[in-house]
Amino acid sequence: MTQTLSIALLTTRPHNGSNKSLIAAARKRGHHIQPFNTLSGVINCDKNSFISQFSKPFDAILPRIGGPLAGFGSAYIRAFETAGVYCVNSAAGILTAHDKFLSGQILSAAGMDIPKTVTLARADFIDDAIKAVGGLPIIVKLLSGTQGNSVIKLDTIAAAQSRLQEIIYARTPFLVQEFIAESSGTDIRAFVVDGHIAGAMERTGPKGEFRSNLHQGGTARPVSLSAKESDMAIKAAHILGLGMAGVDILRTSGGPKLLEVNASPGLVGIESATQIDIAGQIIDAIESRLLPNLKAAQ
Ligand code: ADP
Ligand code: MG
């Protein structure tokens, strides 16, 4: 590699494992990578005035933006997009992936198989919602939750009524979903980098836990994806405009069901489970996007 790229890593947590891995991979390849705090500075809406705190230009933006910051973070990304800077994940993609219902609607409209999913805004429709997803038990998710923290299973009508009423009265956006019993406690995480599968793992939750997230005590092992699963993951990332995505899939007897797409998927769990250098592939993908252009411009 003879050319050096200048990469801005947009994050509030430059020292977490995923970011450390990305920083190390970029430096190993001789690139300049600098973390920038997603929350700092002022973003000007005017297309001609770029973000003041970025005094020098960057070749690429690598957004690592957690759920609650998706709104402000994507405004940053859009400013870079407007300025013509390559962004690994698009502003629209980050915003969409942050909303599990909206991304479900978009992916389902594109022909992808998702679990039956509904949303509602008034408590007097709770029974209709439960019926629409095929009855109890149901899964309820806050739309912007991550790491399994905002996903619950409700088994009885009394529990469903009272939890859903609480959520509705608090005006917290949420969805109700069919519980896929046959894959309870296990799912597939496919890590997509620029249109290919960089690595995949099967995650299994602890005994009695239906959530397989590693943050909920799940364990992971490397897994080979079927052609259908690979296509599903690659297509989902592409449709949402994400060059880097963690796609969660449930395996069922009727084929794979797409659960959600994460725009800022963790690297540590999948790198250690699969022994695959995912961070390296992310930096390599930025190189292959940008270095030919830089060479051509010289
Ligand atoms: P999060 O963003 O919190 O990871 P997910 O939608 O990926 O939210 O759900 C977390 C985990 O809960 C999944 O990895 C899966 O193991 C389990 N899960 C989620 N939805 C369902 C469902 N409809 N049926 C069965 N298990 C589910
Ligand atoms: Mg998930």
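Q: In this predicted model, what makes the contact of Glu260 with Lys100 a salt bridge?
A: The closest N and O atoms of Glu260 and Lys100 are 2.7 Å apart. A salt bridge needs a Lys or Arg side-chain nitrogen within 4 Å of an Asp or Glu carboxyl oxygen, so the pair qualifies. Glu260 sits in strand S13 and Lys100 in helix H4 (residues 100–109), 160 residues apart.

Q: Why is Glu260 called buried?
A: Its relative accessible area is 16%. Buried means under 20%, so Glu260 earns the word. Lys100 is buried as well.

Q: What makes Asp248 and Glu260 donors to the magnesium ion (ligand 2)?
A: Asp248 (OD) and Glu260 (OE) coordinate the ion at 1.9 to 2.1 Å. The cut-off for a donor to this metal is within 2.8 Å, so both fit. Asp248 belongs to strand S12 (residues 244–252) and Glu260 to strand S13 (residues 255–262), 12 residues apart.

Q: Is Asp248 buried or exposed, and how do you know?
A: Asp248 has a relative accessible area of 3%. That is under 20%, so Asp248 is buried. Asp248 also joins Asp187, Arg189 and Arg203 in a network of salt bridges.

Q: How do you know that Arg289 and Asp194 form a salt bridge?
A: Their closest N and O atoms are 2.7 Å apart, and the limit is within 4 Å. Arg289 lies in helix H9 (residues 278–297) and Asp194 in the loop between strands S9 and S10, so the bridge ties together parts 95 residues apart in sequence.

Q: Why is Arg289 called partly exposed?
A: Arg289 has 42% relative accessibility. Partly exposed lies between under 20% and over 50%, so the term applies.

Conventions
Residues numbered from 1 in each chain as written. Chains lettered and ligands numbered in written order. Predicted model: local features only at pLDDT ≥ 70, side-chain atom pairs only at ≥ 80, totals over all residues. Heavy atoms only, no water. Donors = N, O, S within 2.8 Å, 3.2 Å for Na, K, Ca; no water. Helix = DSSP H or I, 4+ residues; strand = E, 2+ residues; numbered from the N terminus. Buried < 20%, exposed > 50% of the residue type's maximum accessible area, 1.4 Å probe, protein only.
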